[in-house]
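Trainee: Could you take a close look at the charged side chains in this model and explain how they pair up? Please start with the setting in which they sit.

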Amino acid sequence: MAAQFHLEIITPTKVYDEGEVDYVRAPGADGAFGVLAGHTESIMALAIGEIKVVKGSVEKTYASAKGFAEITRNGVQLLVESAEPKGGIDLNRAQKAYDRAKEHLNRKKDEMEDELRALRALERSMNRLKVAEKK
Amino acid sequence: MANLKVIRKRIGTIESIKQVTRAMKLVAAAKLRRAQINMEQARPYAGRINDVLNHLLPDIDRSTHDLLTMRPAKQKAFVILTSDRGLCGSFNTNILRQAENIIDGVGKENAKLICIGRKGYEYFGKRGYDVVEHYADFWNELNFSDATQMARAVTSRYLSGEFDDVRVIFNEFKNVAQQKIAEYHYLPLVLEDDAEVVDTDYLFEPSKDEVVKSLVPRHLNIQMWRFLLESNAAEQAARMTSMEAATNNAGDLIDRLRLEYNKARQAAITTEILEVVSGAEALVE
């Protein structure tokens, strides 16, 4: 049995305590990275993407927003602004957000800030849809 | 006799007022519980971000980050959190009065206002203050995305140079019976004095600078979220307390009116008996 480490996914509205896990893959700002037990202590910026958790033969995925990962000797904490387990994603809401952002982008090109916001919303909703639809 | 009817009607009116205030108290209590749970849940995230940021900030060259650079504060901005609705005791009056004092201290013309909650917007809008942004109708369904939206709006105005210093004035939730008005220095970001510095040598990915750059907006978001939650909990607590007092007062009033009613009824009966008796006596003679 390989060494395990403690994993917590912490969002402003909820803490997902995963307990002892074997492996986690997180969407780093410079590309996805994997963490095993004994990783160097580090702090990494996270992009919008998918968090994959492996515990024994069980695999779990989350759709997550921006944040950062703190890796210490005691375990790993992923601090992200939102995280939804694959089964808990509100597809309807994500689809609506996607449509709204798309429409916004098509209509408005004048205001930088608005466009950035719509782009971010688009990115988040696309990520949710992507994670939810993966088998 | 007319007096009796009037009193009866008044008792009925106050009875129904009491029912309403009691219902409002119960609703506020339920909302307060939810607000407290929200605050509890936000704590680990806010705490961690704060710790890491405090760990990083001393090593960072402040002038390389717009949100950290101190600049001469010519224009100041104030974010003022009030409720949308009244009937919550002195919750809004207190904060509005204090905010007005603070703002008048720097001068009306040097202050831009961001009003969160309808009451503040109505108050300052009417008095000719420069309200650059206002939000309402979100308190019932507080969402983290509300906080990020507000934080982003404030940040982008700050970055555009519209103002050089941002303070947040809000009601802090002390306990159910107590709210405290707090002022918080939101931008530029300052280090807390009592911060506990963690002594770990971290590896930073992509780089220390990049991490700070992505951490600061996260921190601003969660701080804004904390203000919303605190203010919300304080509002519900204030409403609960004042509605409880109103319910008690209505009860006292009903007791008094009932006493008066009984006295009036007794007097009426006595008069009637007197009339009957003196009538009968008149017949005997």
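Mentor: Helices and strands here are DSSP runs numbered from the N terminus, with at least four residues of H or I for a helix and at least two of E for a strand. On that basis the elements of chain A follow the order β-β-β-β-β-β-β-β-β-β-α-α, that is, ten strands and two helices. The model is predicted. The C-alpha atoms of chain A fit a box of roughly 55 × 30 × 25 Å along the principal axes. Of its 135 residues, 47% are buried, and carbon and sulfur atoms supply 50% of the roughly 7100 Å² that chain A exposes.

Now to the charges. Chain A carries 22 positive and 22 negative charges, and their mean positions lie 4 Å apart. Side chains of opposite charge can pair when their charged atoms come close. Over all chains, the count of salt bridges is 19.

Several of these pairs are in chain B. Lys25(B) forms a salt bridge with Glu244(B), with 3.9 Å between the closest N and O atoms. This pair joins distant parts of the chain, since Lys25(B) belongs to helix α1 (residues 2-56) and Glu244(B) to helix α5, 219 residues apart. Lys25(B) is partly exposed, at 22% relative accessible area, and Glu244(B) is also partly exposed, at 34%.

In another pair, Arg118(B) and Asp137(B) form a salt bridge whose closest N and O atoms are 2.8 Å apart. Arg118(B) lies in helix α3 (residues 118-126) and Asp137(B) in the loop between β3 (130-135) and α4 (144-159), so the salt bridge ties together parts of chain B that are 19 residues apart in sequence. Arg118(B) is partly exposed, with a relative accessible area of 28%, whereas Asp137(B) is exposed, with 60%.

Glu172(B) and Lys180(B) also form a salt bridge, at 3.7 Å between the closest N and O atoms. Lys180(B) has a relative accessible area of 41% and counts as partly exposed.

There is also a salt-bridge network that includes both chains: Glu70(A), Arg48(B) and Asp51(B) are linked in it.

Unpaired charges have their own grouping. Asp30(A), Asp61(B), Glu205(B), Asp209(B) and Glu210(B) form a patch of negative charge on the surface. Patch members need over 30% relative accessible area and no salt bridge. Asp209(B) has 35% and is partly exposed, so its accessible area meets that cut-off. Asp209(B) lies in helix α5 (residues 208-284) of chain B, the helix that also holds Glu244(B).

How values were computed. Residues are numbered from 1 along each chain as its sequence is written. Chains are lettered from A and ligands numbered from 1 in the order in which they are written. This is a predicted model: local features need pLDDT of at least 70, side-chain atom pairs count only at pLDDT 80 or more; totals for chains, interfaces and linings use all residues. Side-chain values use heavy atoms; hydrogens and water are left out. Patches are made of residues with over 30% relative accessible area and no salt bridge: like charges are joined within 9 Å, nonpolar side chains (Val, Leu, Ile, Met, Phe, Trp, Tyr) within 5 Å. Accessible areas come from the Shrake-Rupley method with a 1.4 Å probe; for residues, only the protein chains shown count as cover. A salt bridge is a side-chain nitrogen of Lys or Arg within 4 Å of a carboxyl oxygen of Asp or Glu. Lys and Arg count as positive and Asp and Glu as negative; His and the chain ends are not counted. The place of a charge is taken as NZ of Lys, CZ of Arg, CG of Asp or CD of Glu. Buried means under 20% relative accessible area, exposed over 50%, partly exposed in between (1.4 Å probe, protein chains only).
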